[in-house]
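Subject: Structure handover

Hello,

Here is the structure for you to look over. My notes on what was found follow below it.

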Amino acid sequence: MRINLHSLNRFVIFVCLVICIPYVNVNAQVIKPEPVFGFYKGGFYMSIIGGETAYTGGSLIQREKDYQNGLRTQASLGVMPVRLIGTVPFPQNFPLPTDKVQAGNTRRISMEYGLTDNLGFFISYNTISIESQGTNQLAVLDRNQPNGYITYIEAVPLSATLYKDRSYGIGLNYHFLSKNRFDPYMGLEVSILNFDTKYRSGQLNNLYYPTYTHPGTGIGGRVAFGTNYFITPEFGIAIEIYGSRKILKSNAFASESINHAGFQFGFIFNFEAIGKY
């Protein structure tokens, strides 16, 4: 039996094509797109950052400082007696401990969507907590006094949470570079907030000068300058400098303000890149 070599060659080529073409198509389908770093249109980002305030001010903070200064002045002038703790005597002409407002601890999480290659819209959740330390004003029963009690200053410092809040914001970020590992930006935000604050009135109540914590609501504004650095298309580090002002209202006061500024550091994730690659 003679074999037609020409027909056999064509048959072999046909078999090879049948085997190889699907393999080539499969490989073509699994080729991944070129990775894209940084900020771009359609990107969906989550950042988690935190830090301490470098500056804390506003009428609420100033009021607490003025209250403390008033107590120290009364003690130094001898207008009001000083006790170490309770009724334990305090040495005369001995300086009172320094009053101070601690740096605030801040936390922030935000979700941002790229409207264009340079402009992003975000929502955020922020918290801040500010501690204070200072002297307290107390009163004890004293039948020798016409009003039945004596007021004094307790020298041992009283530590308490002066202010804390939870704010919910929306805003826009402008990113100066697009599709770059370095992602510098500027952001503007407005927010609403719930807060709790210590608000001392200096009014005697049942032989005690209360330091009640009062709840309230408010509005705020925030401006930030920062940069992200993307280690991979999906993940990077975030650094931010910010300033914020908040207008507060409570059942204890009609209007007070609090300002703070500082530095925050954390991480950023690009969920669009995580789903793509």
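A definition to begin with: contact means heavy atoms within 4.5 Å. This is a predicted model, in which local features need pLDDT of at least 70, side-chain atom pairs count only at pLDDT 80 or more, and totals for chains, interfaces and linings use all residues. Numbering starts from 1 along each chain as its sequence is written, and side-chain values use heavy atoms, with hydrogens and water left out.

His214

His214 sits in strand 8 (residues 213-230). Strands (E, at least two residues) and helices (H or I, at least four) are DSSP runs, numbered from the N terminus. His214 counts as buried because its relative accessibility is 15%. The classes are: buried, under 20% relative accessible area; exposed, over 50%; partly exposed, in between (1.4 Å probe, protein chains only). Leaving out residues up to four places away in sequence, His214 touches Phe195, Asp196, Thr197, Tyr199, Ser250, Asn251 and Ala252.

Cores

A nonpolar core here is a set of buried Ala, Val, Leu, Ile, Met, Phe, Trp, Tyr and Cys residues joined through side-chain atoms within 4.5 Å. The largest has 12 residues: Leu60, Ile61, Ile128, Ile130, Leu162, Tyr163, Leu193, Phe195, Tyr199, Leu248, Phe253 and Ile258. At least two residues come from each of helix 2 (59-76), strand 5, strand 6 and strand 7 (182-198). Take Leu60: outside its neighbours within four places in sequence, Leu60 contacts Tyr163, Thr197, Tyr199, Leu248, Glu256 and Ser257. There is also a second, separate core of nine residues, with Tyr67, Phe90, Leu96 and Ala155 among them.

Thr135

Thr135 belongs to strand 5. Thr135 is buried because its relative accessibility is 1%. Setting aside neighbours within four places in sequence, its contacts are Gln68, Leu71, Leu96, Asp99, Ile153, Glu154, Ala155 and Arg200. From C-alpha to C-alpha, Thr135 and Asn69 are 9.7 Å apart, with their positions 66 residues apart in sequence.

Strand pairing

Two strands pair if DSSP finds at least two bridges between them. Strand 5 and strand 6 run antiparallel, joined by 22 bridges. One pair there is Phe121 with Leu172 of strand 6. Strand 6 and strand 7 are also antiparallel, with 13 bridges. Across that pairing, Leu172 faces Leu188 in strand 7. Strand 2 (residues 82-83) runs parallel to strand 6, with two bridges. Val82 is opposite Ile153 of strand 6.

Look at the loop between strand 6 and strand 7, where Lys179 lies. Six residues separate the strands in this hairpin. Lys179 is not a glycine, yet has a positive phi of about 55°. Most residues other than glycine have a negative phi.

Surface patch

Patches are made of residues with over 30% relative accessible area and no salt bridge; like charges are joined within 9 Å, nonpolar side chains (Val, Leu, Ile, Met, Phe, Trp, Tyr) within 5 Å. A salt bridge is a side-chain nitrogen of Lys or Arg within 4 Å of a carboxyl oxygen of Asp or Glu. Areas come from the Shrake-Rupley method with a 1.4 Å probe; for residues, only the protein chains shown count as cover.

One nonpolar patch covers about 860 Å². Its residues are Phe44, Tyr113, Leu115, Phe121, Ile123, Ile170, Leu172, Val190, Phe271 and Ile274. Strand 5 (119-141), strand 6 (149-175) and helix 3 (271-276) each give two or more of them. Ile123 lies in strand 5. Ile123 counts as partly exposed because its relative accessible area is 44%.

Best regards
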